[in-house]
Amino acid sequence: VLEQKGNQSFVGQLDYPLLKTSKKIKLTEQNRKKMTSWIKQIKAIILADQPLPPIRQSICKKCSYYEYCYS
């Protein structure tokens, strides 16, 4: 959206406080294609009649949404 409005310089930063590191990310053509794919997947999920079944992972038991997913 920002690119369509004329902003051409994109640099993001991911911070990992527990690892005490950060990583800069530039918007490349490959990243644009990935984002387009993600947006299509998000729209498909939103328009679906039923939500996708949850994927049980070990971290789920500590999540505050546990009851929402598995009740």
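This is a short walk through one predicted model, from its hairpin to its cysteines.

Let's start with the strands. Strand E1 covers 11-16, and strand E2 covers 21-26. The two pair in the antiparallel sense. How many bridges join E1 and E2? Six. Take one pairing as an example: Gln13 has Lys24, in E2, as its bridge partner.

Together, E1 and E2 make a hairpin, with four residues between them. Look at Lys20 in the turn. Its phi is positive, at about 55°.

Stay in that loop. Leu19 lies there too, between E1 and E2. Is Leu19 buried or exposed? Leu19 has a relative accessible area of 63%, so it is exposed. Leu19 also belongs to a nonpolar patch on the surface. The other members are Leu14, Tyr16, Leu18 and Ile25. Together, the five residues of the patch have about 530 Å² of accessible area.

Now to helix H1. This helix spans residues 29-47. Here we come to charge. Side chains of opposite charge can pair when their charged atoms come close. How many salt bridges does the count give? One. The partners are Arg32 and Glu29, at 3.5 Å from N to O. Why are these two about one helical turn apart? Because Arg32 and Glu29 are three residues apart in H1. Both ends of the bridge have some exposure. Arg32 is partly exposed, at 24% relative accessible area. Glu29 is partly exposed as well, at 48%.

Next, the loop between H1 and helix H2, which covers 66-70. Tyr65 is found in that loop. Its relative accessibility is 56%, so Tyr65 counts as exposed. How far is Tyr65 from Ser9, C-alpha to C-alpha? The answer is 37 Å, and along the chain the two are 56 residues apart.

Last, the cysteines. How many disulfides does a search of the whole structure find? Zero. Cys60 is in no disulfide; its nearest cysteine sulfur is that of Cys63, 6.7 Å away. A disulfide needs the two sulfur atoms within 2.5 Å, so that pair does not qualify. Cys63 is in no disulfide either. For Cys63, the nearest cysteine sulfur belongs to Cys69, at 6.5 Å. What about cover? Cys60 is buried, with a relative accessible area of 14%. Cys63 is partly exposed, at 35%.

To recap: E1 and E2 form a hairpin, Arg32 and Glu29 meet in a salt bridge, and the search finds zero disulfides.

Methods:
Residues are numbered from 1 along each chain as its sequence is written. This is a predicted model: local features need pLDDT of at least 70, side-chain atom pairs count only at pLDDT 80 or more; totals for chains, interfaces and linings use all residues. Side-chain values use heavy atoms; hydrogens and water are left out. Patches are made of residues with over 30% relative accessible area and no salt bridge: like charges are joined within 9 Å, nonpolar side chains (Val, Leu, Ile, Met, Phe, Trp, Tyr) within 5 Å. Accessible areas come from the Shrake-Rupley method with a 1.4 Å probe; for residues, only the protein chains shown count as cover. A salt bridge is a side-chain nitrogen of Lys or Arg within 4 Å of a carboxyl oxygen of Asp or Glu. Buried means under 20% relative accessible area, exposed over 50%, partly exposed in between (1.4 Å probe, protein chains only). Two strands pair if DSSP finds at least two bridges between them.
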